[in-house]
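Visitor: Could you show me how to read a model like this one? I would like to start with the ligand.

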Amino acid sequence: MTAAYKYVVVGGGMAADAALRGIRGQDPNGTVLMVSQEIFPPYDRPPLSKGLWKQGGRVENVWRSLDYNQLRVDLRLGVRAERIDAAAHELWLAGGVRVPYERLLLATGGAPRELAGHPRGVTYFRTVEDYFRLRRAMLGGHEAVVVGGGFIGAEMAAALTLAGKHVHLVLPEAGVLSRLLPPSLSAAITEDYAQRGVTVHAGHQVTHVEARGDDSWRVVTDAGAALDASGVVAGLGIVPRVDLMTALGVDCPDGIVVDRLGATAVEAVYAAGDVANFPSPALGRRMRMEHEDHANRHGECVGANMAGQEQAYDYLPFFYSDLFDLGFEAVGRLDSQLATVEDWVEPQKRGVVFYLEDQHVVGVLAVDLWDRMDRARALIVDGEPVGDGSRLRGRLTG
Ligand SMILES: Cc1cc2nc3c(=O)[nH]c(=O)nc-3n(C[C@H](O)[C@H](O)[C@H](O)COP(=O)(O)OP(=O)(O)OC[C@H]3O[C@@H](n4cnc5c(N)ncnc54)[C@H](O)[C@@H]3O)c2cc1C
């Protein structure tokens, strides 16, 4: 058994790190333990698929800035939390170590979804170790295969191309980010990728991956294409890591269900970040968000609540991406199944897309237009009916 802690945080990601700041903002002296199965201390994930592949990108810059010694937080890295004894207020770590807690936070994020058959040689891109593995694989190689047309796949295809590699992008959808973006924008981005040298295999799936010697792989698609590559990267989404809660008999349909303070159904246990299924008053629904701003804000808010504050999380987070030289920011729900109103300053390059449901704005995407998120958020939160949305034109482009 270790010493008892007032606060135990499971997870070494951005939500866990932000929670430490939240706890310390309320309680400067309570004992805190962070347990992470990663061997590295917390770091920012977004640069792994963007800046680190650009000229001058430095891995030293990804580490989070908290000084854990100064904050008097104990870290246990490379250790998995395996079980909660909720009645005894104890967390069990790998190796049979028992840690008594007063308050427990689960900021366990998600595990990457894998290709059917779990072929060897595929990097499911999520951690700084994945970044190092792919860097090493691509050291002498020129050819890469990227699987998936969501954020990670789209960003990795762009990053590897910018790093001078030739990329095959294999995605089951019709185009890049087509589950989120209106067809006109997804088509324009997909065309831009092709013009920049990415070989796009849209509408196709990987059937299998074969080893070709020690450091080369052959990826075969359902169209019969055989793509030889030094590095194979997949971004197929994540599955929230809820096992610590389901083992207690708690139902976790899409993540760990929390209330507005971040508390779960289990006494003294909280959840935050990618893993948490939280109520969004602005959108009038429960949701999970897999984005940086949410991990930071939710982590900090829930950490503070664990330490006695009672602040409801009613913030609507924004998110962003970089695809070659196209950057965007967004807030609310981006779903290409929703009705959209497109308001372009320059078609498919600079402008705003509004996502509507029942004549209300539920999401806003600003393409190459910055500092629009506060106004976009206000449009969603105000909840004013906007009819067919035509009157939204010009609201955020000016
Ligand atoms: C490559 C990449 C690029 C991204 N780019 C962007 C972007 O441009 N914009 C944006 O808004 N968002 C981006 N994101 C998403 C953003 O990084 C995530 O939303 C955020 O990292 C979630 O933080 P989290 O702490 O909730 O979860 P995670 O970062 O997944 O952290 C969970 C942590 O818990 C640990 N853990 C899990 N289970 C256990 C256990 N049982 N015991 C011990 N430890 C455990 C994990 O190992 C991990 O350290 C990106 C993500 C990735 C992977």
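Guide: Gladly. Of the 35 residues around the ligand, the ones that come nearest are Gly11, Gly13, Gly109, Gly273 and His291. Here a residue is near a molecule if its C-beta atom, placed from the backbone, lies within 6 Å of it. This is a predicted model, in which local features need pLDDT of at least 70 and side-chain atom pairs count only at pLDDT 80 or more, while totals for chains, interfaces and linings use all residues. Residues are numbered from 1 along each chain as its sequence is written.

Visitor: Which elements give two or more residues to the shell around the ligand?

Guide: They are α1 (14–26), β2 (32–36), α6 (292–306) and β21 (318–323). Helices (H or I, at least four residues) and strands (E, at least two) are DSSP runs, numbered from the N terminus.

Visitor: How do the residues of that shell divide by character?

Guide: There are 14 nonpolar, 12 polar and nine charged residues. Ala, Val, Leu, Ile, Met, Phe, Trp, Tyr, Cys and Pro count as nonpolar, Asp, Glu, Lys and Arg as charged, and the others, Gly among them, as polar.

Visitor: Which domains does the protein have?

Guide: Domain bounds come from an automatic or database domain assignment. For this protein it gives domain 1 (5–111 + 239–306), domain 2 (114–234) and domain 3 (325–392). The shell around the ligand draws at least three residues from each of domain 1 and domain 2.

Visitor: And how should I read the relation between domain 2 and domain 3?

Guide: Start with their centres, which are 29 Å apart when taken over C-alpha atoms. Nine residues from domain 2 and eight residues from domain 3 make up the contact; two residues are in contact if their C-beta atoms, placed from the backbone, lie within 7 Å. On the side of domain 2 that touches domain 3, six residues are nonpolar, two polar and one charged.

Visitor: Where does the largest nonpolar core lie?

Guide: A nonpolar core is a set of buried Ala, Val, Leu, Ile, Met, Phe, Trp, Tyr and Cys residues joined through C-beta atoms within 7 Å. Buried means that 20 or more other C-beta atoms lie within 10 Å of a residue's own, exposed means 12 or fewer, and partly exposed is in between, with C-beta atoms placed from the backbone. The largest core here has 63 residues, of which Val146, Ala157, Val364 and Leu365 touch the most other members. Helix α3 (residues 151–162) gives the largest share, eight residues. Domain 2 and domain 3 both give residues to this core, so it lies between them. Leaving aside neighbours within four places in sequence, alanine 157 is in contact with Val146, Val167, Leu169, Tyr193 and Val198. Another core, of 48 residues, lies apart from it and includes Ala18, Leu105, Val302 and Ala307.

Visitor: Which side chains of strand β5 are buried?

Guide: In β5 (residues 90–93) the side chains alternate: Leu91 and Leu93 point to one face and are buried, whereas Glu90 and Trp92 point to the other and are not.

Visitor: What does β5 pair with?

Guide: Two strands pair if DSSP finds at least two bridges between them. Strand β4 (residues 81–85) pairs with β5 in the antiparallel sense over four bridges, and isoleucine 84 stands opposite leucine 91. Four bridges also join β5 to strand β6 (residues 97–106), again antiparallel, with leucine 91 opposite valine 99. The hairpin of β5 and β6 has three residues between the strands, and glycine 95 in the turn has a positive phi of about 90°.
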